[in-house]
Amino acid sequence: MDAHAPAKDGARPVPPAPRDGPVRRLFAPFERIIDPFIPTDRPAPPSGLMPFVLWGLRDVRTPVILLAVFSLAFGVVEAVIFYLIGGLVDRAAAAGPENFFAVEWPLLAVLLVAVIVLKPVTQLIQSAFTSLVLGPGVMSMTTWRLHRHTLGQSMSFFEEDFSGRIAQKETQTAMALATVTIDAFTSVGMLIAYLVAMAVLLGASDLWLAAVVVLWAGAFAWALRWGIPIVRKRAKERAEARASVTGQLVDTLSHMKTVKLFAHGAREEESARRAITRYRDAAIAFGHPMMAMRLILAVMNIVVTLALVGGALYLWTAGDTGLGVVAMAAMMTLRLTAMSGWIAHSALILFAEFGTIEDGAQTLSPPHDVMDREGAIDPAPVTGAVAFHNVVFQYGRVVGGVRALDFAVAP
């Protein structure tokens with residue numbers, strides 16, 4: 001098809017494929033890591049949550065491990081950079097401006113390597129695995145495998161449900177699995193690595209500062225433990241309501257001739273209104289625990305900022321630590337509070353997507369009703385030739401019709 005030719009039926013023309021620029025050529029190897037159409041010996045999805053997740057990620061274990069490694073490395077590199085900057089403040093004060101570069105050039109070289117090489121490289125590779133490998137790869141592979149399994153269902157499976165709802169379940173379940181995979185090893189993994197590195201580096205200066213980090217991590221885990229079951233349950237209800245909206249709208253529009261001829265317009269509107277209202281109520285109910293978590297996290301961030309920065313200032317005024325520890329604690333705390341907001345959101349979304357996956361797995365995983373018998377074989381090749389000899393068809397009349405017709409149809 002010519003990309004610039006006018007499209008049929010008023011549809012938009014297909015845009016031309018983008019040209020390969022230098023950035024695309026640089027990251028092209030990442031695009032080929034996952035083949036979404038690779039054959040699998042387990043085509044049928046399981047109905048349980050974790051078995052379904054493992055089924056979906058079975059053929060992408062190596063990219064998932066690499067994403068986890070670079071996410072952890074990025075979190076550690078960030079904490080180490082703040083540690084080196086804090087140490088640089090103390091060393092600069094001790095060396096003085098006239099001797100600073102002559103004495104401290106090795107530390108400056110290490111800091112430059114960390115800032116110019118290690119941090120951008122780990123961040124870029126992590127982003128490449130997120131945006132070019134696992135994001136599109138897991139989404140496409142899961143959608144393809146779910147769709148292949150759904151195509152094998154009997155007609156009763158489709159007669160008992162909206163086709164639009166089934167399609168929505170396929171796509172939203174695949175998208176949820178991709179989101180879970182990415183967020184689990186980027187947001188949550190990076191936070192864990194950063195917290196561990198932060199506690200170790202601050203603890204090297206004073207154990208009280210490390211204790212504050214550990215207490216904050218415990219409170220953060222408690223808040224997630226409180227909010228996750230509520231979010232997961234309401235996410236499942238939201239996913240069901242969202243699929244119902246899509247099913248109602250798609251099926252109405254795809255059978256528009258029947259609707260126009262036989263249905264009552266007001267009834268179609270009322271059905272759509274009920275589905276949309278149900279989704280809105282479910283979405284608002286899902287937002288309540290999210291807002292509660294944000295409130296809890298705001299209080300926690302205020303407390304940890306006052307405790308770490310104030311504690312470091314107190315230790316400095318008491319002569320128990322240097323000014324560099326104050327700078328390091330301030331930078332690490334600001335980074336932690338900035339990270340915690342979107343990471344807490346990502347963690348809740350992650351478990352919300354678990355609810356979406358659970359809902360989709362239960363709908364799409366039923367085994368096929370119509371199956372070949374055990375030992376069934378493919379039919380033997382046939383020639384397909386048809387021959388007619390002395391065909392007579394006269395509708396019971398003496399005159400007219402067909403008499404003595406002979407002809408053959410080749411394979």
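I'll start at one side chain: a polar atom of the Ser365 side chain sits 2.5 Å from the backbone oxygen of Ala361. Keep in mind that this is a predicted model.

Where is Ser365? Ser365 belongs to the loop that runs between helix H10, residues 323-364, and strand S1, residues 386-393. Is Ser365 buried or exposed? Its relative accessible area is 12%, and the cut-off for buried is under 20%, so Ser365 counts as buried. Setting aside neighbours within four places in sequence, the contacts of Ser365 are Pro45, Pro46, Ser47 and His149.

Next, the strands. S1 pairs with S2 in the antiparallel sense, over five bridges. One bridge joins Val386 to Val409 in S2. Strand S2 covers residues 402-409, and of its eight residues the number buried is zero, so S2 lies largely in the open.

Now the interior. The largest nonpolar core has 40 residues, and those touching the most other members are Tyr194, Met198, Leu202, Trp216 and Met332. Two or more residues each come from helix H3 (61-95), helix H6 (163-205), helix H7 (207-254), helix H9 (265-317) and H10. H10 gives the most, with ten residues.

Take Met198 from that core. Not counting residues up to four places away in sequence, Met198 touches Ala79, Val213, Leu308, Met332, Thr333 and Leu336. Another core, of 29 residues, lies apart from the largest one, and its members include Ile34, Ala128, Val133 and Ala361.

That brings us back to Ala361, whose backbone oxygen is the one 2.5 Å from the Ser365 side chain.

Conventions:
Residues numbered from 1 in each chain as written. Predicted model: local features only at pLDDT ≥ 70, side-chain atom pairs only at ≥ 80, totals over all residues. Heavy atoms only, no water. Helix = DSSP H or I, 4+ residues; strand = E, 2+ residues; numbered from the N terminus. Buried < 20%, exposed > 50% of the residue type's maximum accessible area, 1.4 Å probe, protein only. Polar contact = N/O pair within 3.5 Å; in protein donor to acceptor, adjacent residues only side chain to side chain. Contact = heavy atoms within 4.5 Å. Pairing = 2+ DSSP bridges. Core = buried A, V, L, I, M, F, W, Y, C linked by side-chain atoms within 4.5 Å.
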